[in-house]
Amino acid sequence: MSSSIKISNLKIWDDRDDDVIIKDLSFEVKKNRCLAIVGESGSGKSMTVKGITGIHKPWIECTGCIAFDGENLLELGQESMQKIRGRKIFMIFQDGMTAFDPSCMIRVGLRETLAEKLDLKKEAADHCMISAMNRVMLNNPEEILQKYPHQLSGGMLQRIMIALALALEPELIIADEPTTALDTITQYEVVDQFIKLRKEIGTTMIFISHDLGVVRQIADDVLVMKDGEKVEEGPIEEIFTKPQHPYTQYLVSTRAALGTNFKRIMEETGDVGSEECEKVLSTGRGFIHEAEDDSQGCELSNEQGRMPWYHWRKWKWKIDTWKTGSWD
Ligand SMILES: Nc1ncnc2c1ncn2[C@@H]1O[C@H](COP(=O)(O)OP(=O)(O)OP(=O)(O)O)[C@@H](O)[C@H]1O
Ligand SMILES: [Mg+2]
């Protein structure tokens, strides 16, 4: 089952200095649809979804209306919100590590969650997770459940979170940059699992990403944010083909420019037309909208230094190595 969510006149501010973070934001995600939220760093994407789930710091204040499942979430107390989180609204964050207790085996946290949300006993919880992990192509789930978070890769942790979502079947999934911290190839795999997740449980989704290529694959609609405000929203293809706001035009054209540069380099090296090249060009995976300097043109950025800067040559090298199967 999935539900729509309607946000009206959401205002979020820091009570310590009255700094307004989200000004007057309204949007709706219809049942079974996926809305992508894009925008530069600090534009308020995470704060918006933290407002929805009520997991912000105590000095953050929110007003407005968040209508979900017949209630205004902003009027609910912490106890009611705790019941909604996980079971009805499921969050997947950028860093899978933060979702697990570093001092416990993976299965401890999963058992706790499944006991609390689905009232499952230990064995039933393990069984439920193993079957969900098989569905997201995680090999040897029994073994994985006995690992500590630091023993697993970022991609595996994100898949475990997707498996947990499959098990819980929430009404709304909010994913805040779930692939940003992953390497490019793992991003492909994790995004594919998200697409499958949508197909399998038909859930409503809010997907935050800096990567317009990913967004185009997964979302039905896009909301573009800047400085705590919505600058544009609409169906995905419309935003890509006819962006109205100058900031959206900038996002879309910068990505197109990156694609052109990539193609030029692939032509130089005779790789244009190769399967990998076409995959990159058609999905834009690995492309991020903010090249620091367009004249350099040859760099891929994963936003504000969160990931190392990839030079096109290095990217090319990665593809070559990937082709020969020697890339870890
Ligand atoms: N805990 C906090 N207390 C006060 N202000 C905060 C807090 N967290 C974020 N902010 C402020 O809220 C604004 C929006 O931040 P937010 O994290 O929502 O941006 P974002 O669009 O998610 O950026 P990014 O793409 O880097 O994740 C920023 O100006 C930031 O300084
Ligand atoms: Mg954020």
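Let me begin with a definition: a residue is called buried here if 20 or more other C-beta atoms lie within 10 Å of its own, with the C-beta atoms placed from the backbone. Please keep in mind throughout that what we are looking at is a predicted model.

With that cut-off in hand, consider helix 1, where Lys45, Met47, Thr48, Val49, Lys50, Gly51 and Ile52 are buried. That is 7 of the 9 residues of helix 1, so the helix is largely enclosed by the rest of the structure. Directly after helix 1 comes Gly54, which has a positive phi, near 70°.

What does helix 1 lie across? Its neighbours there are strand 3 (34-39), strand 6, strand 7, strand 8 and strand 9 (221-226), and relative to strand 7 the helix runs at about 150°.

Those strands bring me to the sheet, which is open, has 6 strands in the order 6-7-8-3-9-10, and shows mixed pairing. Strand 6 (89-92) and strand 10 (229-235) are at the edges, and because each has a single partner strand, one side of each is left without a neighbour in the sheet. From one strand to the next, the twist averages 15°. Within the sheet, strand 7 (residues 172-176) pairs with strand 8 (residues 204-208) in the parallel sense, over 5 bridges, and one of the bridge partnerships joins Ile174 to Ile206 in strand 8.

Now to the ligand. Which element gives the largest share of the shell around ligand 1? It is helix 1 (residues 45-53), which contributes 3 residues. Around ligand 1 we find Asp14, Ile21, Gly39, Ser41, Gly42, Ser43, Gly44, Lys45, Ser46, Met47, Lys57 and Ile60, and by character this shell divides into 3 nonpolar, 6 polar and 3 charged residues. Lys45 and Met47 therefore appear twice in this account, as members of the shell and among the buried residues of helix 1.

Finally, a helix pair. Two packed helices are described by the angle between their axes and by the distance between those axes. For helix 3 (residues 106-118) and helix 4 (residues 122-135), the packing angle is about 105° and the axes are 9 Å apart. Since angles of 65 to 115 degrees count as roughly perpendicular, helix 3 and helix 4 are described as roughly perpendicular to each other. On the side of helix 3, the contact is made by Arg107, Leu110, Arg111, Leu114 and Ala115, which meet Lys122, Ala125, Asp126, Cys128 and Met129 in helix 4. The residues of this contact comprise 6 nonpolar, no polar and 4 charged.

Conventions. Residues numbered from 1 in each chain as written. Chains lettered and ligands numbered in written order. Predicted model: local features only at pLDDT ≥ 70, side-chain atom pairs only at ≥ 80, totals over all residues. Near = placed C-beta within 6 Å. Helix = DSSP H or I, 4+ residues; strand = E, 2+ residues; numbered from the N terminus. Nonpolar A, V, L, I, M, F, W, Y, C, P; charged D, E, K, R; others polar. Axes fitted to C-alpha atoms, helices over the stretch in contact; angles between N-to-C directions. Parallel < 35°, antiparallel > 145°, perpendicular 65-115°, else oblique. Contact = placed C-beta atoms within 7 Å. Pairing = 2+ DSSP bridges. Buried ≥ 20, exposed ≤ 12 C-beta atoms within 10 Å, placed from the backbone.
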